[in-house]
Amino acid sequence: MKNQEYVRTQTLGNSKNSPNIACCWIGGARYSHPLDKTSEKKFRALKPLGELFIIGFSPNILPRQFTEHAHFYLMPQLPWAILRYAEMLILGTILTLWIIFRNRVQILVAQSPYEGVAAALAKKMASCFGRKVVLVVESHGDFEESLFLQKQIRFTGIYRLLMRYAANFTLNSADLLRSVSHVTGQQLQRWLSDKSIVQFPTWTDIETFLNVSVPRNEPESPKVVYAGVLTYLKGLTHLVNAFASIAQDFTQTKLVIIGREDDKTYADQLKAQVRKLGLESQVQFISQLEQPELAKYMSQASVFVLPSLSEGLGRVVLEAMATGTPAIASKVGGIPDIVQEGINGFLVPPGDEKALAERLRWMLEHPTEAKEMGRYARAFAEQFFSTEGYVQGYGKIFEAAQELLNQGGMNHAPSTF
């Protein structure tokens with residue numbers, strides 16, 4: 001690929017820290033105060049790179065501003081997504097521009113091409129006043145299709161047109177790009193073939209999962225575990241149907257579905273599906289857990305399943321593997337970067353309930369071989385992601401941004417990092 005460098009965390013090398021520079025992240029993430037343990041670790045790790053500013057959303061309708069390793073400016077979380085997009089476009093642009101001039105920010109990191117519209121507008125406005133700013137645009141998933149797999153969208157054609165205009169505006173304003181997997185990198189490459197792409201995984205609190213202290217004794221009831229939000233995108237109806245087809249042969253096995261009900265209608269339909277199939281005694285729903293508790297559930301599972309229809313990377317698979325649990329996951333997005341067929345888990349076509357049921361059956365009928373897969377899974381997780389590698393990834397981006405600032409040329413990334 002022209003002018004593109006993919007960087008995996010395990011091969012980043014010992015690059016020197018980038019200069020102490022001010023950087024602002026703009027995205028739709030929600031943050032609490034104090035930060036949850038995972039976010040606290042992340043920003044504590046990134047803090048040595050420079051002065052960090054974060055624009056995101058509050059967990060409720062109250063705006064917040066605080067400093068904890070980074071300076072957080074959180075907008076009210078309005079009740080509907082379309083209002084939050086408008087809020088990001090208007091208030092996010094103003095806030096970004098204010099941070100640029102007040103704090104001499106030189107790097108903007110947009111966490112998707114859509115949230116990046118605010119960053120791109122702020123960059124263009126700042127340039128009118130002679131202020132140079134490098135814009136980095138990240139892709140954490142399929143930004144073209146994943147929205148339509150999460151919920152029913154009215155006026156789909158209008159949505160697609162607006163999304164295309166927004167992504168095109170942001171990406172053409174970008175100076176550097178970052179992907180979290182080969183597939184997300186390839187999608188960016190299709191849009192822009194002349195800009196460098198740095199690839200490294202999304203943040204994972206890997207130590208929590210590697211260091212889980214629950215002994216892996218043979219469980220009284222084997223468990224099949226899913227963790228993630230409850231939306232159509234995650235393919236949970238297919239998982240329930242696949243489990244139903246083998247449940248009578250494994251009456252002691254439990255399917256544990258852990259996650260936040262982002263789509264209440266879908267979650268209710270899923271629970272109704274479980275009742276209709278007569279699986280109430282074998283399927284358990286658990287609300288979102290803190291990561292230490294989630295790690296315990298994963299470590300006690302016979303197999304972890306992620307039946308998604310689309311994924312950027314599938315970080316939760318890596319977390320499960322870090323606890324020594326093998327995985328079955330859909331062959332979509334960046335998941336094949338993690339799951340090695342027949343070594344640390346299995347890949348199945350998205351939505352293929354028969355293939356998923358066959359792999360579940362194999363895992364439950366071959367516990368010794370599954371445990372061996374789990375050992376390979378843990379070893380892979382240890383070398384795939386590290387906090388040091390994650391920080392080095394952003395260090396590479398900051399170094400490249402500094403080079404662009406020194407050159408005085410925007411929108412033309414260097415050929416190598």
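Visitor: With which residues is C24 in contact, leaving aside its neighbours within four places in sequence?

Guide: In this predicted model, C24 is in contact with F53, I55, I99, V105, I107, L108 and V109, once neighbours within four places in sequence are left aside. C24 itself is found in strand β1, which covers residues 21–30.

Visitor: Why does C24 count as buried?

Guide: The term buried applies under 20% relative accessible area, and C24 has 0% relative accessibility, so C24 counts as buried. As for its place along the chain, C24 and L233 are 209 residues apart, and their C-alpha atoms are separated by 30 Å.

Visitor: What makes Q111 buried?

Guide: The relative accessible area of Q111 is 16%, and because the cut-off for buried is under 20%, Q111 is called buried. Q111 lies in the loop between β5 (107–110) and α3, and, neighbours within four places in sequence left aside, Q111 is in contact with W25, I26, G27, K42, E138 and H140.

Visitor: Why is helix α1 called largely enclosed by the rest of the structure?

Guide: Helix α1 runs over residues 37–46, and 7 of its 10 residues are buried, so the helix is described as largely enclosed by the rest of the structure. The buried residues of α1 are T38, S39, E40, K42, F43, A45 and L46. Their cover includes strands β1, β2 (50–57), β3 (64–68) and β4 (70–75), together with helices α10 (291–299) and α14.

Visitor: What makes α1 oblique to α14?

Guide: The two helices pack at an angle of about 55 degrees, with their axes 10 Å apart. Roughly parallel would need an angle under 35 degrees, and roughly perpendicular would need 65 to 115, so an angle between those ranges makes α1 oblique to α14. The crossing in which α1 passes α14 is right-handed. On the α1 side K42, A45 and L46 take part, and they meet T387, Y390, V391 and Y394 in α14. By class, the residues of this contact divide into 5 nonpolar, 1 polar and 1 charged.

Visitor: How do you know that α2 is oblique to α3?

Guide: The axes of helix α2 (residues 81–103) and helix α3 (residues 116–128) cross at roughly 45 degrees and come within 8 Å. Because that angle is neither under 35 degrees nor in the range from 65 to 115, α2 is oblique to α3. The crossing of these two helices is right-handed. From α2 the contact draws on M88, L89, G92, T93, T96, L97, I100 and F101, and from α3 on V117, A118, L121, A122, M125 and A126. These residues divide into 11 nonpolar, 3 polar and no charged.

Visitor: Why is W98 called partly exposed?

Guide: W98 lies in helix α2. Its relative accessibility is 39%, and since buried requires under 20% and exposed requires over 50%, W98 counts as partly exposed. The C-alpha atoms of W98 and F43, which are 55 residues apart along the chain, are separated by 22 Å.

Visitor: Why does R104 count as exposed, and what is its phi?

Guide: R104 has 57% relative accessibility, and because exposed means over 50%, R104 counts as exposed. R104 lies in the loop between α2 and β5, and its phi is near 55 degrees, a positive value in a residue other than glycine.

Visitor: Why does H69 count as partly exposed?

Guide: At 23% relative accessibility, H69 falls between the limits of 20% and 50%, so H69 counts as partly exposed. H69 lies in the loop between β3 and β4, and although H69 is not a glycine, it has a positive phi of about 70 degrees.

Visitor: How do you know that the peptide bond from H33 to P34 is cis?

Guide: Its omega is near 0 degrees, and the bond is cis. P34 is found in the loop between β1 and α1.

Visitor: Which residues have the most contacts inside the largest nonpolar core?

Guide: That core has 99 residues, and those with the most contacts inside it are V317 and L360. Helix α14 (residues 387–407) gives the most to this core, with 9 residues. Not counting residues up to four places away in sequence, L360 touches V224, L239, A242, F243, I246, V303, V305 and I328. Another core, of 33 residues, lies apart from the largest one, and F57, Y73, V137 and A174 are among its residues.

Technical notes: Residues are numbered from 1 along each chain as its sequence is written. This is a predicted model: local features need pLDDT of at least 70, side-chain atom pairs count only at pLDDT 80 or more; totals for chains, interfaces and linings use all residues. Side-chain values use heavy atoms; hydrogens and water are left out. Axes are lines fitted to C-alpha atoms, for helices over the stretch in contact, and angles run from 0 to 180 degrees between N-to-C directions. Helices (H or I, at least four residues) and strands (E, at least two) are DSSP runs, numbered from the N terminus. Angles under 35 degrees count as roughly parallel, over 145 as roughly antiparallel, 65 to 115 as roughly perpendicular and the rest as oblique. A crossing is left-handed if the near helix is turned anticlockwise from the far one by less than a right angle, and right-handed if clockwise. Contact means heavy atoms within 4.5 Å. Ala, Val, Leu, Ile, Met, Phe, Trp, Tyr, Cys and Pro count as nonpolar, Asp, Glu, Lys and Arg as charged, and the others, Gly among them, as polar. Buried means under 20% relative accessible area, exposed over 50%, partly exposed in between (1.4 Å probe, protein chains only). A nonpolar core is a set of buried Ala, Val, Leu, Ile, Met, Phe, Trp, Tyr and Cys residues joined through side-chain atoms within 4.5 Å.
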